[in-house]
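Here is a short guided tour for someone who works at the bench. Please keep the sequence and the model open beside you as you read.

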Amino acid sequence: MSIEDVIGEEDIGVYKTLLESTRAIPWKIEWATLNFAYIGPQIEELLGWAPQSWATVQDWADRMHPEDRAWVFDFCVSQSMAGVDHEADYRALTKTGEYVWIRDVVHVVRNPDGSPNALIGFMFDISERKRTEEKLLDMQRELEELSFKDGLTGVANRRRFDMVMEMAWREARESRQTLSLVVLDIDFFKQYNDHYGHLEGDECLKRVASALSNIVRNPDDLLCRFGGEEFVLLLQDTDEATALALAWRCLDLVEKATIPHGGLGPGKRVTLSAGVHTLVPREGDDILPAIAVADRRLYLAKQRGRARVVAEGGD
């Protein structure tokens with residue numbers, strides 16, 4: 001069927017020029033047969049398929065990305081049967097085997113009884129818009145990720161810790177699992193800054209964070225910079241013996257990083273102290289007191305000579 005048959009004889013030249021000069025691709029489908037009555041010649045420029053190759057709605061469905069085909073087809077059929085104008089975004093297959101993002105805008109022409117008579121619509125190439133949307137989503141994800149990172153050291157920040165800790169605490173309480181906290185602090189960091197200056201102090205923090213990053217065993221472990229020269233290791237479903245061993249491993253990793261500490265004298269190196277607290281959260285328990293126990297044990301380690309781990313007392 002020609003365009004003349006679709007829109008009639010009146011002003012046919014004007015209508016044809018308008019329809020076939022726009023980048024939007026016009027089309028019409030007869031509902032009774034589900035055959036294409038017309039599709040604009042622009043379709044060949046966009047997808048490579050000649051207009052005469054678009055015979056039925058099956059051709060339309062077959063030239064759609066497999067992941068989009070079922071839901072788009074079902075959605076368009078259901079909306080058409082209900083007599084509702086609609087639109088759908090999907091990936092259309094080109095003759096060369098690539099995909100182009102299409103937006104189909106559909107108007108349902110109805111019979112006097114309300115049943116569909118025909119579908120008339122336009123296809124639009126929205127590939128550039130989709131690429132822009134993807135870039136914006138990537139930027140949003142990157143910004144979100146950055147918002148959970150400590151700007152200096154690159155490990156998780158306090159905001160990330162608070163969010164993960166709340167979820168881990170709730171899960172541990174509901175499943176009656178152990179939860180362990182290791183609070184770590186750089187020994188004599190004030191003396192380090194006094195000796196080297198704050199810029200070198202920042203470099204020291206970066207090197208410590210880099211060394212500690214190797215302690216993370218799986219996605220459930222979280223290392224974060226808690227503030228200043230203090231770091232926290234959150235260990236889900238981890239008993240006290242394992243947490244204690246991992247705390248000593250943290251101290252060993254920093255020791256092996258061999259970061260000089262001239263503020264303490266020749267040959268001295270940066271060390272850590274650590275406090276460990278393991279518990280099974282119960283109904284009514286709060287997070288902050290649990291962190292405070294680990295923090296008090298850290299300072300017991302400081303009082304006992306530093307470069308050590310304490311996992312008792314401070315309650």
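Helices (H or I, at least four residues) and strands (E, at least two) are DSSP runs, numbered from the N terminus. With that in hand, D237 can be placed in the loop between β8 and α10 (240–256). Although D237 is not a glycine, its phi is positive, about 50 degrees.

Before going on, a word on the source: this is a predicted model, in which local features need pLDDT of at least 70 and side-chain atom pairs count only at pLDDT 80 or more, while totals for chains, interfaces and linings use all residues. Residues are numbered from 1 along each chain as its sequence is written, and side-chain values use heavy atoms, with hydrogens and water left out.

**The mixed sheet and helix α11**

Two strands count as paired if DSSP finds at least two bridges between them. Five strands make up an open sheet with mixed pairing, in the order β7-β8-β6-β9-β10. Its edge strands are β7 and β10, each of which pairs on one side only. Strands of a sheet pair through backbone hydrogen bonds, either parallel or antiparallel. For β9 and β10 the sense is parallel, over two bridges, and G275 has V310 in β10 as its bridge partner.

V276 is also in strand β9. Is V276 buried or exposed? Its relative accessible area is 1%, so it counts as buried (buried means under 20% relative accessible area, exposed over 50%, partly exposed in between; 1.4 Å probe, protein chains only). Leaving aside residues up to four places away in sequence, V276 touches L181, V182, A243, L244, A247, R297, V309, V310 and A311, where contact means heavy atoms within 4.5 Å. By contrast, V276 and G197 are 31 Å apart, C-alpha to C-alpha, with their positions 79 residues apart in sequence.

R297, one of those contacts of V276, is among the buried residues of α11. The others listed for this helix are A290, I291, V293, A294, L298, L300, A301 and K302. Their cover includes α7 (158–175), β6 (179–186), β7 (222–227), β8 (230–236), β9 (272–279) and β10 (309–310).

**Two helices checked for length**

The expected span of a helix is 1.5 Å times one less than its number of residues. The table sets this beside the distance between the end C-alpha atoms.

| Helix | Residues | Expected span | End C-alpha distance |
|---|---|---|---|
| α5 (66–81) | 16 residues | 22 Å | 23 Å |
| α11 (287–303) | 17 residues | 24 Å | 25 Å |

The two values agree for α5, and they agree for α11. A glycine with positive phi comes after each helix: G83 just after α5, at about 75 degrees, and G305 after α11, near 120 degrees.

**Helix α5 and the antiparallel strands**

The buried residues of α5 are D68, V72, C76 and S80. They pack against α4 (57–62), β3 (86–93), β4 (99–110) and β5 (116–125). β3 and β4 pair in the antiparallel sense over eight bridges, with R91 facing its bridge partner W101 in β4. β4 and β5 are antiparallel as well, over nine bridges, and I102 stands opposite D125 in β5.

Both hairpins have a glycine to look at. Between β3 and β4 there are five residues, and G97 in this hairpin takes a positive phi near 95 degrees. The hairpin of β4 and β5 also has five residues between the strands, and there G114 takes a positive phi near 95 degrees.

**A cavity**

A cavity is a set of points, on a 1 Å grid over the protein atoms alone, where a 1.4 Å probe fits but cannot get out; lining residues have an atom within 4 Å of a point. Grid points are joined across faces, edges and corners, and a volume is the space filled by probe spheres set on the points. How many cavities of 30 Å³ or more does the structure hold? There is one, and about 40 Å³ of space lies in the largest cavity. Its lining is made of L47, W54, W60, R63, Y90, A92, I102 and M123.

**Two more residues to find**

F188 sits in the loop between β6 and α8 (189–196). Phi of F188 is positive, near 50 degrees, in a residue other than glycine. At 28% relative accessibility, F188 counts as partly exposed.

Q42 belongs to helix α3 (residues 42–47) and is buried, with a relative accessible area of 9%. Its C-alpha atom is 5.9 Å from that of I25, 17 residues apart along the chain.

Notes. 1 Å grid on protein atoms, 1.4 Å probe; cavity = no way out; pocket = protein on both sides within 12 Å on 5 of 7 lines; lining within 4 Å.
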